[in-house]
Amino acid sequence: MITEPAAETWDHDLDHLFTTIGHHFGRVEPRRRMWDYVRALPEPRRCSRAAG
C-alpha cells in the first residue's frame, strides 16, 4: 500500500526528474509520453501478480 507521504515524495521526485531531463525531448509529444509512462509505474493495478 502506498502511503500519502510516500506518494507526495514520489510526486516531488518525479517533478525534479522531469525538470532535469525534460530538455532532452525536442518535442512536447515524446515528453508527455515519457511523463505518462513514468507516472504509471507505481500504480498497483499495473504491477499486480497472482497471490499465492
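Here are a few questions and answers on how two helices pack in a predicted model. Local features need pLDDT of at least 70 and side-chain atom pairs pLDDT 80 or more, while totals for chains, interfaces and linings use all residues. Residues count from 1 along each chain as its sequence is written, and side-chain values use heavy atoms, leaving out hydrogens and water.

Q: Are helix 1 and helix 2 roughly parallel or roughly antiparallel?
A: Helix 1 spans residues 4-21 and helix 2 residues 28-40, and they pack at about 155 degrees with axes 11 Å apart. Angles under 35 degrees count as roughly parallel, over 145 as roughly antiparallel, 65 to 115 as roughly perpendicular and the rest as oblique. So helix 1 and helix 2 come out roughly antiparallel.

Q: Which residues of helix 2 make the contact with helix 1?
A: Contact here means heavy atoms within 4.5 Å. On the helix 1 side you'll find Trp10, Asp11, Leu14, Asp15, Phe18 and Ile21. Helix 2 brings in Met34, Trp35, Val38 and Arg39.

Q: What kind of aromatic pair do Phe18 and Trp35 form?
A: Rings of Phe, Tyr and Trp (its six-membered ring) pair if their centres lie within 6.5 Å; planes under 30 degrees apart are stacked, over 60 edge-to-face, the rest tilted. Phe18 and Trp35 have ring centres 4.2 Å apart and planes at 55 degrees, so the pair is tilted.

Q: Is Phe18 buried or exposed?
A: Buried means under 20% relative accessible area, exposed over 50%, partly exposed in between (1.4 Å probe, protein chains only). Trp35, at 31%, is partly exposed. Phe18 has a relative accessible area of 12%, so Phe18 is buried.

Technical notes
Axes are lines fitted to C-alpha atoms, for helices over the stretch in contact, and angles run from 0 to 180 degrees between N-to-C directions. Helices (H or I, at least four residues) and strands (E, at least two) are DSSP runs, numbered from the N terminus.
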